[in-house]
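Q: Please take a close look at one part of this predicted model, and describe carefully how that part is set among its surroundings.

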Amino acid sequence: MKSNVAVMADEDTVIGFRLGGIKEGYPVKNMDEAGKVLEDLINKDFSVIITTEKIGIEFRDTINKLTNERALPMVIEIPDKSGSIKRESDPMSELIKRVIGVEMVK
């Protein structure tokens, strides 16, 4: 697997990452489109897929199903332009626990 990074999010977020040097950007307009693009990206040669928290919450089962059996790609969820979402568990801590097998203590 190559060491590639892709971002899949709303158009403004994708443009911001492209300005930051991420070449693989996939803007999506709705959740139906996001689901299809997410599955395609997970099955391609990407090491890291960056998406928004809203998309991550909407497709939690899909992300877990397609990534639980392997370490890569890592799906990183970030706040979108409207800000962070309050959640019961921190997906970054869950990702670290899954990948290295150690729970991070706050």
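**Strand β3 and its surroundings**

A: In strand β3, Ile 49 is the bridge partner of Ala 6; strands here are DSSP runs of E with at least two residues, helices are runs of H or I with at least four residues, and both are numbered from the N terminus. The model is predicted, so to speak of local features pLDDT of at least 70 is needed and side-chain atom pairs count only at pLDDT 80 or more, whereas totals for chains, interfaces and linings use all residues. Residues are numbered from 1 along each chain as its sequence is written, and side-chain values use heavy atoms, with hydrogens and water left out.

Strand β1 (residues 5–9) runs parallel to β3 and is joined to it by 4 bridges, where two strands count as paired if DSSP finds at least two bridges between them. β3 also pairs with strand β4 (residues 74–78), again in the parallel sense, over 5 bridges, and in that pairing Thr 51 stands opposite Glu 77 of β4.

β3 itself spans residues 48–52, and 5 of its 5 residues are buried, meaning under 20% relative accessible area, against over 50% for exposed and in between for partly exposed (1.4 Å probe, protein chains only). Both of its faces are covered, with Val 48, Ile 50 and Thr 52 on one side and Ile 49 and Thr 51 on the other.

Ile 49 also belongs to the largest nonpolar core, which has 15 residues, and is among those that touch the most other members, as are Met 8, Val 28 and Leu 41; such a core is a set of buried Ala, Val, Leu, Ile, Met, Phe, Trp, Tyr and Cys residues joined through side-chain atoms within 4.5 Å. β1, α2 (31–42) and α4 (60–67) each supply at least two residues of this core, and its largest share, 5 residues, comes from α2. Leaving aside its neighbours within four places in sequence, Leu 41 is in contact (heavy atoms within 4.5 Å) with Ala 6, Met 8, Tyr 26, Phe 46 and Ile 49. Apart from the largest core lies another, of 8 residues, and Ile 50 is one of them, as are Ala 9, Ile 76 and Ile 78.

Two of the helices that supply the largest core, α2 and α4, have axes that come within 11 Å and cross at roughly 15°. The contact between them is made by Leu 38, Glu 39 and Ile 42 of α2 and Thr 62, Ile 63, Leu 66 and Thr 67 of α4.

Methods:
Axes are lines fitted to C-alpha atoms, for helices over the stretch in contact, and angles run from 0 to 180 degrees between N-to-C directions.
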